[in-house]
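Please find below a short set of numbered points on this structure, written for a colleague who has the sequence and the coordinates at hand.

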Amino acid sequence: LQSEELGLRAPQWVRDKMVTMCMRCQEPFNALMRRRHHCRACGYVVCARCSDYRAELKYDDNRPNRVCLDCYMFLTGNALPEDKEDKRRGILEKGAAAGSKQSLMCSFLQLLGDKWGKSGSRGWCVIPQDDPLVLYVYAAPQDMRAHTSIPLLGYQVTAGPQADPRVFQLQQSGQLYAFKAETEELKDRWVKAMERAASGWSPGGPNDRDLSD
Ligand SMILES: [Zn+2]
Ligand SMILES: [Zn+2]
């Protein structure tokens with residue numbers, strides 16, 4: 001929804017399953033303490049604290065509805081004290097959605113091995129253009145905060161020990177990360193991108209080369 005349309009039309013709700021963190025404060029959801037709520041104005045999935053606001057929505061006959069903080073401020077014109085704003089910044093905050101537009105490489109990869117806790121889970125992996133030596137792993141492309149960041153400098157990139165040609169690994173002094181791409185072609189692109197990062201390459205830098213070589 002465009003911001004002019006907030007409250008005028010019912011939003012399309014972002015599906016719960018697409019989001020693992022509050023889309024406003026980026027705190028992870030869990031079953032007990034932090035549950036998912038939908039903002040009735042923008043349709044974002046947000047936590048209780050970030051949706052503890054009511055605003056009258058035109059599309060619902062001006063009845064007060066649960067909305068997120070951003071929509072509350074937009075719809076009512078009421079601002080909130082600044083200290084509440086400051087809490088909304090995180091260390092690993094680097095929007096994955098923004099990252100996919102400005103990334104050297106991004107796709108889903110299967111995360112293999114117990115390094116990731118749950119073997120076989122999928123991660124949305126991004127090497128951002130403005131941070132080209134780091135791999136960020138998000139639970140979902142909509143997430144605002146990565147759950148893992150791996151500085152790639154110095155890592156060795158190898159095809160995995162498995163017979164599967166879609167598997168590859170990052171290895172450095174006892175650290176081992178294994179990934180599986182959906183296709184062999186995608187794996188090749190990731191291996192190239194990671195090898196560049198591991199060697200300290202950055203776009204526009206002295207070793208800049210065409211990415212498609
Ligand atoms: Zn929140
Ligand atoms: Zn909202």
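1. The first zinc site. In this predicted model, the zinc ion (ligand 1) takes its protein donors from the SG atoms of Cys-22, Cys-25, Cys-47 and Cys-50, which lie 2.2 to 2.4 Å from the ion. Along the chain, the donors of the zinc ion (ligand 1) follow the spacing C-x2-C-x21-C-x2-C. The angles among the four donor atoms run from 102 to 119°, and the site of the zinc ion (ligand 1) is tetrahedral.

2. Burial at the first site. Cys-22 has a relative accessibility of 1% and therefore counts as buried, the cut-off for that class being under 20% relative accessible area. Cys-25, with a relative accessible area of 4%, is buried as well.

3. The second zinc site. The zinc ion (ligand 2) is coordinated by the SG atoms of Cys-39, Cys-42, Cys-68 and Cys-71, at 2.2 to 2.3 Å, and the spacing of these donor residues in sequence is C-x2-C-x25-C-x2-C. The arrangement around the zinc ion (ligand 2) is tetrahedral because its four donor atoms subtend angles of 104 to 115°, and four donors count as tetrahedral if all angles lie between 85 and 135 degrees. Of the donor residues, Cys-39 and Cys-42 are both buried.

4. The loop at Arg-40. Arg-40 is placed in the loop between β1 (37-38) and β2 (45-46). Its relative accessibility is 26%, so Arg-40 counts as partly exposed, a class that lies between the limits of 20% for buried and 50% for exposed. Arg-40 and Arg-9 are separated by 31 residues in sequence, while their C-alpha atoms are 9.7 Å apart in space.

5. The cavity and its lining. The structure holds one cavity of 30 Å³ or more, and the space in the largest cavity amounts to about 30 Å³. Its lining is formed by Val-19, Met-21, Cys-22, Met-23, Gln-26, Gln-142, Asp-143 and Met-144, a set that divides into five nonpolar residues, two polar residues and one charged residue. Cys-22 thus appears in this lining and also among the donors of the zinc ion (ligand 1).

6. Position of the cavity. Where does the largest cavity lie with respect to domain 1 (3-86) and domain 2 (96-198)? Both domains give residues to the lining, and the largest cavity therefore lies between them.

Note on methods
Residues are numbered from 1 along each chain as its sequence is written. Chains are lettered from A and ligands numbered from 1 in the order in which they are written. This is a predicted model: local features need pLDDT of at least 70, side-chain atom pairs count only at pLDDT 80 or more; totals for chains, interfaces and linings use all residues. Side-chain values use heavy atoms; hydrogens and water are left out. Donors are N, O and S atoms within 2.8 Å of the metal (3.2 Å for Na, K and Ca); water is not among the atoms, so sites may look incomplete. Four donors count as tetrahedral if all angles lie between 85 and 135 degrees; four count as square planar and six as octahedral if opposite donors are over 155 degrees apart and all others between 65 and 115; anything else is irregular. Buried means under 20% relative accessible area, exposed over 50%, partly exposed in between (1.4 Å probe, protein chains only). On a 1 Å grid over the protein atoms alone, a cavity is a set of points where a 1.4 Å probe fits but cannot get out, and a pocket is an open set with protein on both sides within 12 Å along at least five of seven lines; lining residues have an atom within 4 Å of a point. Grid points are joined across faces, edges and corners, and a volume is the space filled by probe spheres set on the points. Ala, Val, Leu, Ile, Met, Phe, Trp, Tyr, Cys and Pro count as nonpolar, Asp, Glu, Lys and Arg as charged, and the others, Gly among them, as polar. Domain bounds come from an automatic or database domain assignment. Helices (H or I, at least four residues) and strands (E, at least two) are DSSP runs, numbered from the N terminus.
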